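Walk through this structure one step at a time. Keep the chain in view as you read.

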Amino acid sequence: MKTADHFTSPPRDYKVVVPDGWFQLSLDPDDRDRGIVALADVTFRGVDNAPHLKQQFMRDLQRRAKDAYRVGGTELYLSTMTVGPVPLASSLLISVPAPDEWPQTSDADELAEHLAGQDLGENGELGVVALEAAGKAVRHRCREAADPDTQMGNTLPTTNLTYYVPIPATTRWLLLNFSTPVDPLADRMVELFDTVAGTLHWG
């Protein structure tokens, strides 16, 4: 496996390893609806008399997928994992923002300094870390107040963890945006997110 400093030209692709219980939802408009229906069927399997909830779930997914695609999203993963009857709701959006949305730098320390001047959200944590294969990255963790209108009635704060990873031999960035509304288990979920981010490698 090549590490980031071995690339003298941009990599062709990236790979990341996610848990078995995460569903990959295509953000391509041509494939999106099929994926949403499939995920809704999995989520509501064995649940009777919930057509309204299922339709609301699908509408929420449609909105999220469209928003993700609009900001350069390439992949969206949604957790179907549970502990007993409790769903471990979480997501991972991988995106490549447009070049003009970021400072023209490939240095993680410079980007961290830039981001430090912005609103980091509640209990915001910002730092530079080293990923085993993908190289230095900016890691940002924060907590956001719940928005029941757009989160299917969720009233718990959402914990977000974002990795900003420079794409080798470019001034572009790959973003890994993890999120979970399971506030009582937020620290454990973040440990899982960090593990997933650590599997990122270039190809």
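Helices here are DSSP runs of H or I with at least four residues, numbered from the N terminus. Leu-39 sits in one of them, helix α1. Keep in mind that the model is predicted.

Start with Leu-39. Is Leu-39 buried or exposed? The cut-off for buried is under 20% relative accessible area. Leu-39 has 2% relative accessibility, so it counts as buried. Leaving out residues up to four places away in sequence, Leu-39 touches Phe-23, Phe-57, Leu-61, Leu-78 and Thr-80. Take Leu-61 from that list. Leu-39 and Leu-61 are 22 residues apart in sequence. In space, their C-alpha atoms are 9.4 Å apart.

Next comes helix α2, residues 51-70. Helix α2 has 20 residues. From its first C-alpha to its last it reaches 29 Å, close to the 28 Å expected at 1.5 Å a residue. Which residues of α2 are buried? They are Phe-57, Met-58, Asp-60, Leu-61, Ala-65 and Ala-68. Look down the axis of α2: these buried residues fall within an arc of 165°, so they line one face of the helix. A general rule helps here. An α-helix has 3.6 residues a turn, so residues three or four places apart point the same way.

Now turn to the other face of α2. The face turned away from the buried side carries the exposed residues Pro-51, His-52, Arg-59 and Arg-70. What covers the buried residues of α2? The cover includes β2 (22-25), α1 (32-43), β3 (73-79) and β6. After α2 comes Gly-72, whose phi is positive, near 90°.

Now for the nonpolar cores. In soluble globular proteins, nonpolar side chains tend to be buried together. In this model, the largest nonpolar core has 26 residues. Tyr-163, Leu-176, Phe-178 and Trp-202 have the most contacts inside this core. Four elements give two or more residues to it: β6 (91-95), β9 (158-166), β10 (173-180) and α4 (186-197). Of these, α4 gives the most, with five residues. Apart from this core lies another, of 15 residues. Among its members are Leu-27, Leu-39, Ala-68 and Leu-93. Leu-39 is the residue we met in α1.

Go back to the largest core and pick Leu-176, one of the residues with the most contacts inside it. What does Leu-176 contact, leaving aside neighbours within four places in sequence? Its contacts are Leu-92, Leu-93, Ile-94, Leu-161, Thr-162, Tyr-163, Ala-197 and Leu-200.

Strand β9 also holds Thr-159. Thr-159 is buried, because its relative accessible area is 2%. Neighbours within four places aside, Thr-159 is in contact with Arg-141, Cys-142, Arg-143, Phe-178, Ser-179, Thr-180, Asp-183, Ala-186 and Val-190. After β9, follow the loop between β9 and β10, where Ala-169 is found. Its phi is near 65°, a positive value in a residue other than glycine. Ala-169 is partly exposed, at 46% relative accessible area.

Charged side chains come last. How many salt bridges does a search of the whole structure find? It finds 10. Lys-136 pairs with Asp-109, and their closest N and O atoms are 2.6 Å apart. This pair links distant parts of the chain: Lys-136 is in strand β8 (residues 135-144) and Asp-109 is in helix α3 (residues 108-116), 27 residues apart. Lys-136 is partly exposed at 42%. Asp-109 is also partly exposed, at 38%.

Two salt bridges join strand β8 to helix α4. In one, Arg-139 meets Asp-194, with the closest N and O atoms 3.0 Å apart. Arg-139 in β8 and Asp-194 in α4 are 55 residues apart. Arg-139 is buried, with 16% relative accessible area, whereas Asp-194 is partly exposed at 25%. In the other, the side chains of Arg-141 and Asp-187 meet at 2.7 Å, N to O. Arg-141 lies in β8 and Asp-187 in α4, 46 residues apart. Arg-141 is buried, with a relative accessible area of 16%. Finally, salt bridges that share partners join Asp-60, Arg-63, Asp-67 and Arg-70 into one network.

Technical notes: Residues numbered from 1 in each chain as written. Predicted model: local features only at pLDDT ≥ 70, side-chain atom pairs only at ≥ 80, totals over all residues. Heavy atoms only, no water. Core = buried A, V, L, I, M, F, W, Y, C linked by side-chain atoms within 4.5 Å. Buried < 20%, exposed > 50% of the residue type's maximum accessible area, 1.4 Å probe, protein only. Contact = heavy atoms within 4.5 Å. Expected span 1.5 Å × (residues − 1). Arc of directions from axis to C-beta. Salt bridge = Lys/Arg side-chain N within 4 Å of Asp/Glu carboxyl O.
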